[in-house]
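Dear colleague,

I am handing over the structure below, and my notes on what was found in it follow directly after. Please read them with the sequence and the model open beside you.

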Amino acid sequence: MVGALGCAGLAVPFVKSLEPDASVAAAATTVADLTGIAPGMQMTLSWQDKPVIIVHRTPEMIASLKEVEPQLADPNCTVPQQPPYAKNIYRSIKPEWLVMVRVCTHLCCIPLFKPAPGSVEPGWDGGFHCPCHGSLYDLSGRVYKNVPAPRNMAIPEYRFVDGGKKVEITAMYPEAKLC
Amino acid sequence: MSRVLAWIDRRFPLSRLIRESMTEYYAPKNFNFWYFFGSLALLVFAMQVITGIFLLAHYQPSASKAFDSIQTIMYDVKWGWLIRYLHTTGASFFFIVIYLHMLRGYLYGSYRKPRELLWIVGFVIYVCLMAEAYFGYVLPFGNMSYWGGEVITSIVGAIPYAGSWLASLARGGFGIGTATLNRFMAFHAVLVPALLGLLVVAHVLALHETGSNNPDGIEIREHLGPDGKPLDGIPFHPYYTVKDIMGVGVFLIALSLVVFYAPTVHGLFIETYNYIPANPLQTPPDVTPAWYLAPYYAMLRAIPDKKLGILVLFLAIAAPFFLPWLDRNPRAKSIRYRPVYLAMVVVLVACLLVLGWIGMQPASPALLPPARIGLALYFLFFASLPFVSRIEPTRPVPDRLRM
């Protein structure tokens, strides 16, 4: 009995050794410079081995978020796929800046950024189109109805630094699910 | 020579081991085609260990070097291409051989009493083999390796409560990277092969304890001659060693044809997208698994709910474990005397073939209904067996082997 407890205790350092090491934790946050992203443009960077897209939304893009709402599965973002400060139709801190993990919630594919109206199907208002299984998202990463993906795409925890010229992506929002 | 042997035998049971497991191990005299695959599995295992050791001499388990080191093996290492193709082809042939070996068990009721433990050890070998194949699939770090690794570790992540911690243990980082490759190599080259070796020894020990089953599903040990040996048994050596060597010859011809003429089998044994280096920012158009896991993948995709799909996946893998207790026919084991059970096995195999094909196709709603029918029939086999086997029509089983 005591021997079994001893063995279990000895297993702890061995199991713990398999957890991500210090260098992984050190590379956990990423800072992105926003000054080079013109309105309507995007930048995708690798954060924690996952693609994060930063979109500089134009006023037209922001206006489209209201128009597509009847077609969305969860327009009010009730599923906690974003930190509380991004629980709005923009799914962001500032409406013009979208910071989002660009991973389809269906089977982990990387959706294409299709901002141009009509570029995916007639009547398309701009958004994301997953080439794998056809899931559709609006320009806030909110998922459409009747597509394979079950949830809106995930928003990580982030904050603006350097007077709003840069954004620091700090952590995955714990309740958000990727795929 | 005999003095050397006597010296050894006083200190190690060499002659006794040979006698008990080879020259005086009595196997039923009516073994047929289906009885080649046990020894062939042993042969492929040895081949994978040997080729694997030579690949380890050149492979570099790091995210930046792994893919290039495979190209080095293919182009710069003398005969590297042969060793690698033997290893990749061997992986697929391992599954072909094991699936035929398992099907033999289904056909002749080889899992039935008293061979339950023999069957279960074999089942655990199969599960270890799937793990071994998966770890090996990730190591070359092509883009299918990366996304295959990603999808399977995210399945681990779907386990309630401990899932995300377990997934981070499996990955050693946020994604599949150097830490993952190093631990997967430790599993692929040390842990799982060592387990497999031990399990194979246990499998053979259990086999020699109960004696082999046969196409008639009759116990030959129930009819012993005056010398105490089974009347319907013949010594494994030389009779079945010679037979197995014939099987080895045919097997090596088939293996050579693939290795030398079609090592990728048009993307079936080595997937086309694995010739592109791993890229965390780009998914291949379709993430489909290797052919030998495709039926399970089709089952996973046939369920619209993610957690339920994973549960069904695990149940499908686990179902054969319970076979010894699901089959309750009191009179016969083998399909030779059980026409209904034979029909059920044929349907089961057809389901798995269709599911395997569906699992390798791009996901499409048109394939959902056939996948769901296949899935339902697969589970219906196991669910109905306890009832069908008790009432099914059974032909009279002879006392002795028919031959």
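A salt bridge here is a side-chain nitrogen of Lys or Arg within 4 Å of a carboxyl oxygen of Asp or Glu. In this model, which is predicted, the side chains of D216(B) and R336(B) meet in such a salt bridge, with 3.1 Å from N to O.

To place that pair, it helps to know that chain B is divided into domain 1, covering 31–283, and domain 2, covering 288–394. The centres of domain 1 of chain B and domain 2 of chain B, taken over C-alpha atoms, are separated by 21 Å, and the contact takes 35 residues from domain 1 of chain B and 35 residues from domain 2 of chain B. Between these two domains of chain B an area of about 3,100 Å² is buried, with carbon and sulfur atoms giving 66% of it.

As for polar features, the rule finds three salt bridges across the interface of domain 1 of chain B and domain 2 of chain B, and the count of residue pairs in polar contact between the two domains, with both residues at pLDDT 80 or more, is 16.

Turning to the side of domain 1 of chain B that touches domain 2 of chain B, α5 (80–108), α6 (116–138) and α7 (143–157) of chain B each supply at least two residues to it, and α6(B) gives the most, with nine residues. The residues of this side of domain 1 of chain B divide into 23 nonpolar, five polar and seven charged.

With best wishes

How values were computed. Residues numbered from 1 in each chain as written. Chains lettered and ligands numbered in written order. Predicted model: local features only at pLDDT ≥ 70, side-chain atom pairs only at ≥ 80, totals over all residues. Heavy atoms only, no water. Domains from an automatic or database assignment. Contact = heavy atoms within 4.5 Å. Buried area = accessible area lost by both parts, 1.4 Å probe. Polar contact = N/O pair within 3.5 Å; in protein donor to acceptor, adjacent residues only side chain to side chain. Helix = DSSP H or I, 4+ residues; strand = E, 2+ residues; numbered from the N terminus. Nonpolar A, V, L, I, M, F, W, Y, C, P; charged D, E, K, R; others polar.
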